[in-house]
Amino acid sequence: MRYRTFPRTNWPIAEVGYGTWGMAGWSGSDDGLSLQAMARALALGCNFFDTAWAYGSGHSERLLCQLLRGWHGERVYVATKVPPKNGRWPARADDRLDDVFPPEYIREMTRKSLENLGRDSVDLQQLHVWSDAWAGDERWQREVDDLKREGLIKAFGISINRWEPANVIRALRTGLVDCVQVVYNIFDQNPEDELFAACRELNVGVIARVPFDEGSLTGTLTPDVTFPQGDWRALYFRDENLRQTIERVERLRADVPAGMSLPELALRFILENPAVTTTIPGMRRVVHVENNLAVSDGRRLPEAVLGALRGHRWDRTTVIP
Ligand SMILES: NC(=O)c1ccc[n+]([C@@H]2O[C@H](COP(=O)([O-])OP(=O)(O)OC[C@H]3O[C@@H](n4cnc5c(N)ncnc54)[C@H](OP(=O)(O)O)[C@@H]3O)[C@@H](O)[C@H]2O)c1
């Protein structure tokens with residue numbers, strides 16, 4: 001495993017971290033298998049886990065707590081998130097901060113997450129949605145500052161709404177945001193337009209989330225795939241989006257280098273970008289953990305492959321979580 005420096009704190013963070021949404025929020029999850037998969041990741045040197053209170057109302061946080069109770073190796077860094085108080089994903093520009101992240105609620109949810117995680121302090125607390133209309137509001141700024149001074153959180157981040165990567169840049173300029181979490185993958189390349197430059201200028205970390213576009217970039221989707229009602233993927237991979245996604249994945253296959261799998265290429269694409277601190281594939285199986293963590297070997301993609309991948313950029317705007 002290779003490590004990249006988390007800006008400001010200088011933590012050595014595994015460049016392939018771990019996303020835990022699926023193990024709490026998606027159908028077909030099995031806690032025993034998820035724990036085995038996470039334990040394998042620890043053993044292979046993964047030291048960064050991303051969770052959220054919203055992933056099963058604390059369920060994934062509690063699984064992580066269970067995992068780390070039995071871990072006596074190197075330090076592991078945990079990131080969690082405060083869900084929007086009004087329960088609305090994504091946030092909209094006309095949502096009031098009072099309805100989404102009032103200061104006392106940020107504190108209350110931080111305490112709940114700490115309890116689930118069995119810790120006195122969390123390494124990274126993030127806001128789970130964002131609208132830059134709130135950037136100048138001193139209430140969230142003061143609360144974040146207080147939580148840091150009191151040691152309840154060590155660093156603070158914002159998880160940016162899907163497909164709106166620039167909708168955070170004013171907040172970054174407050175100097176209070178240590179890291180952003182953004183959708184970045186072979187399809188969703190738009191963080192390269194403005195966000196990454198701002199992060200480098202302001203020394204802000206980047207967590208690249210959804211590296212496989214919720215699974216399509218693993219190449220396993222079929223036109224007749226269905227997800228149970230209530231599984232978020234049933235909303236994401238529906239009708240037109242499913243058809244378009246599969247067509248695009250089929251076109252992409254022609255650019256996968258010989259001897260490389262599509263998931264491997266998807267991760268290598270992300271790791272090529274020096275603005276990225278870590279990427280956090282969602283994994284519930286040991287085999288996925290082993291395959292994905294093995295990609296962190298320092299090998300570079302040829303420039304011709306990177307050039308071809310730029311042609312697979314897909315700019316989307318529909319408002320979904
Ligand atoms: N708003 C937010 O802040 C937000 C939103 C979305 C996601 N996230 C974070 O980002 C993380 C990653 O996103 P995600 O989990 O939604 O989607 P993702 O990482 O793009 O895709 C996860 C899917 O890929 C499969 N997979 C993983 N490695 C594979 C491999 N080598 N070969 C074949 N299939 C593989 C997983 O299968 P198995 O599950 O069966 O292993 C799972 O079905 C989340 O877990 C969460 O921590 C944050």
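**Entry 1: two strands side by side**

I began with strand S8 (residues 179-183) and strand S9 (residues 205-209), which run parallel and are joined by five bridges. I looked up one facing pair: Val 182 stands opposite Ala 208 in S9. A reminder to myself: this is a predicted model, and everything I note here is computed from it.

**Entry 2: the whole sheet**

Next I asked which strands make up the sheet, and in what order. I found an open sheet of eight strands with parallel pairing, and the order is S3-S4-S5-S6-S7-S8-S9-S10. At the edges I found strand S3 (18-19) and strand S10 (278-279). Each of these has a single partner strand, so one side of each has no neighbour in the sheet.

**Entry 3: strand S6 and its partners**

I then followed S6 and its two pairings. S5 and S6 pair in the parallel sense over four bridges, and I noted that Lys 81 stands opposite Gln 126 in S6. S6 is also joined to S7 by five bridges, and these two run parallel as well. Here I picked out Leu 124, whose bridge partner in S7 is Ala 155. The chain gets from S6 to S7 by way of H6, and this β-α-β crossover is right-handed.

Is S6 enclosed or open to the outside? I checked burial: six of the six residues of S6 are buried, so the strand is largely enclosed by the rest of the structure.

**Entry 4: helix H5**

I turned to helix H5 (residues 103-117) and tried a small calculation. At 1.5 Å a residue, its 15 residues should span 21 Å, and its end C-alpha atoms are indeed 21 Å apart, which agrees.

Which residues of H5 are buried? My list reads Ile 106, Met 109, Thr 110, Ser 113, Asn 116 and Leu 117. They cover an arc of only 120° around the axis, which means that they sit on the same side of H5. On the face turned away from that buried side I found the exposed residues Glu 104 and Arg 111.

I also looked for what covers the buried residues of H5. The cover includes helix H3 (59-69), strand S5 (77-82), strand S6 (122-127), helix H6 (138-149) and strand S7 (153-159). Just after H5 comes Gly 118, with a positive phi near 65°.

**Entry 5: helix H3**

H3 helps to cover H5, and I wanted to see its own buried residues. They are His 59, Ser 60, Glu 61, Leu 63, Leu 64 and Leu 67. Among the elements covering them are helix H1 (22-25), helix H2 (31-43), strand S4 (48-50), S5 and H5.

**Entry 6: the nonpolar core**

Which members of the largest nonpolar core touch the most others? This core has 84 residues, and the answer is Val 180 and Val 206. Helix H11 (residues 262-271) gives the most to the core, with six residues.

I stayed with Val 180 and left aside its neighbours within four places in sequence. Its contacts are then Gly 157, Ile 158, Ile 160, Val 168, Cys 199, Val 204 and Val 206.

**Entry 7: some backbone details**

I went looking for unusual spots in the loops. The peptide bond from Trp 89 to Pro 90 is cis, with omega near -15°. Pro 90 belongs to the loop between S5 and helix H4 (97-100).

Two residues caught my eye for a positive phi without being glycine. One is Asn 10, with phi near 65°, in the loop between strand S1 (3-6) and strand S2 (11-14). I counted Asn 10 as exposed because it has 8 C-beta neighbours inside 10 Å, and 12 or fewer is the cut-off for exposed.

The other is Ser 57, with phi about 45°, in the loop between S4 and H3. Ser 57 has 14 other C-beta atoms within 10 Å, so I wrote it down as partly exposed.

**Entry 8: Met 260**

My last stop was Met 260, in the loop between helix H10 (239-253) and H11. Is Met 260 buried, partly exposed or exposed? It is partly exposed, with 14 other C-beta atoms within 10 Å. I also checked Met 260 against Asn 185: they are 75 residues apart along the chain, and their C-alpha atoms are separated by 17 Å.

Methods:
Residues numbered from 1 in each chain as written. Predicted model: local features only at pLDDT ≥ 70, side-chain atom pairs only at ≥ 80, totals over all residues. Core = buried A, V, L, I, M, F, W, Y, C linked by C-beta atoms within 7 Å. Buried ≥ 20, exposed ≤ 12 C-beta atoms within 10 Å, placed from the backbone. Contact = placed C-beta atoms within 7 Å. Expected span 1.5 Å × (residues − 1). Arc of directions from axis to C-beta. Pairing = 2+ DSSP bridges. Right-handed = clockwise from strand over helix to strand, strands pointing away.
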